[in-house]
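Let's go through this one together, a question at a time. Have a look at the sequence and the fold before reading on.

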Amino acid sequence: MMNKKPRKEARPARAPGRPKVGTDQASAYNNILMTASRLFMEYGYEAVSLQQIASLCQVTKASIYYHFSSKPELFTIAITRMMAMGMQQTTLRLEEPGTLYERLVNVAAAKMQQSHVDTETMMREAETYLNADQFAQIRDAEHRIFEVLATHFQREMDNGYLREANPLLLAQAFTSLLMLANREDVRRMHDTIAELAEELVGLFLDGAVKHP
């Protein structure tokens, strides 16, 4: 678990790769983060190298080290930022008008647009390389997404629509169900992601709705 000593890539001297004065460092920073987020979410931690990220961003590996001290730091910042954006988008969709079913379908369809590795698989793989604080930061960011879902599930329980249950457990169950969209055979069962989202949300609510 967390008693393993993190392994870090050797950090080169900063001077040779230091970006030229006058370049848009904010843009470079965001480009590296967005690229890293996409690759980590699609392939996991170990399969993605800093050189691969640098090549896609059209910068040197040393330029990445100008902004981030190590691969674990880049991973932590990239994943927590992506999760924060996911939390914001989930919040917005759940606050829209409509039934819980309609709002959950919107959340599900957005989340399933791109296939990505299971969060638990990714975290088990990355845990060896992260320190305790980095690991906790990612878990906290993930938990905030669950809390947004749990708040709305609790609201529907209070209204008598959903049966009484642990709202955080429902949030995690709903999120786990959406991971089925990563399977190519599941995606082929429907013409569109929207149709798949409708069926999965329907299955989820069949078990969660309070029946007479």
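What follows is a short back-and-forth about the helices, the cores and the empty spaces.

Student: Before we start, what kind of model is this?
Tutor: Residues are numbered from 1 along each chain as its sequence is written, and side-chain values use heavy atoms, with hydrogens and water left out. Local features need pLDDT of at least 70 and side-chain atom pairs pLDDT 80 or more, while totals for chains, interfaces and linings use all residues, since the model is predicted.

Student: How many helices and strands does the chain have?
Tutor: Here helices (H or I, at least four residues) and strands (E, at least two) are DSSP runs, numbered from the N terminus. Along the sequence the pattern reads α-α-α-α-α-α-α-α-α-α-α. The tally is 11 helices and zero strands.

Student: Which helix gives the largest share of the largest nonpolar core?
Tutor: A nonpolar core is a set of buried Ala, Val, Leu, Ile, Met, Phe, Trp, Tyr and Cys residues joined through side-chain atoms within 4.5 Å, with buried meaning under 20% relative accessible area (1.4 Å probe, protein chains only). This core has 30 residues, and Leu162 and Phe204 are among those touching the most other members. At least two residues each come from α6, α8, α9 and α11 (193-208). The largest share, eight residues, comes from α11.

Student: And which helix gives the most to the lining of the largest pocket?
Tutor: On a 1 Å grid over the protein atoms alone, a pocket is an open set of points with protein on both sides within 12 Å along at least five of seven lines, a cavity is a set where a 1.4 Å probe fits but cannot get out, and lining residues have an atom within 4 Å of a point. This pocket's volume, the space filled by probe spheres set on points joined across faces, edges and corners, is about 1,200 Å³. Of its 36 lining residues, Met41, Met82, Gly86, Lys111 and His116 are the closest to the centre. With 10 residues, the top contributor is α5.

Student: How much space lies in the largest cavity?
Tutor: The whole structure has one cavity of 30 Å³ or more. Its lining includes Lys111, Met112, His116 and Arg187. The space inside comes to about 40 Å³.

Student: What percentage of the residues count as buried?
Tutor: The chain has 212 residues, and its accessible surface (Shrake-Rupley, 1.4 Å probe) is about 11,800 Å². Of that surface, 53% belongs to carbon and sulfur atoms. The buried portion of the residues is 41%.

How values were computed. Buried < 20%, exposed > 50% of the residue type's maximum accessible area, 1.4 Å probe, protein only.
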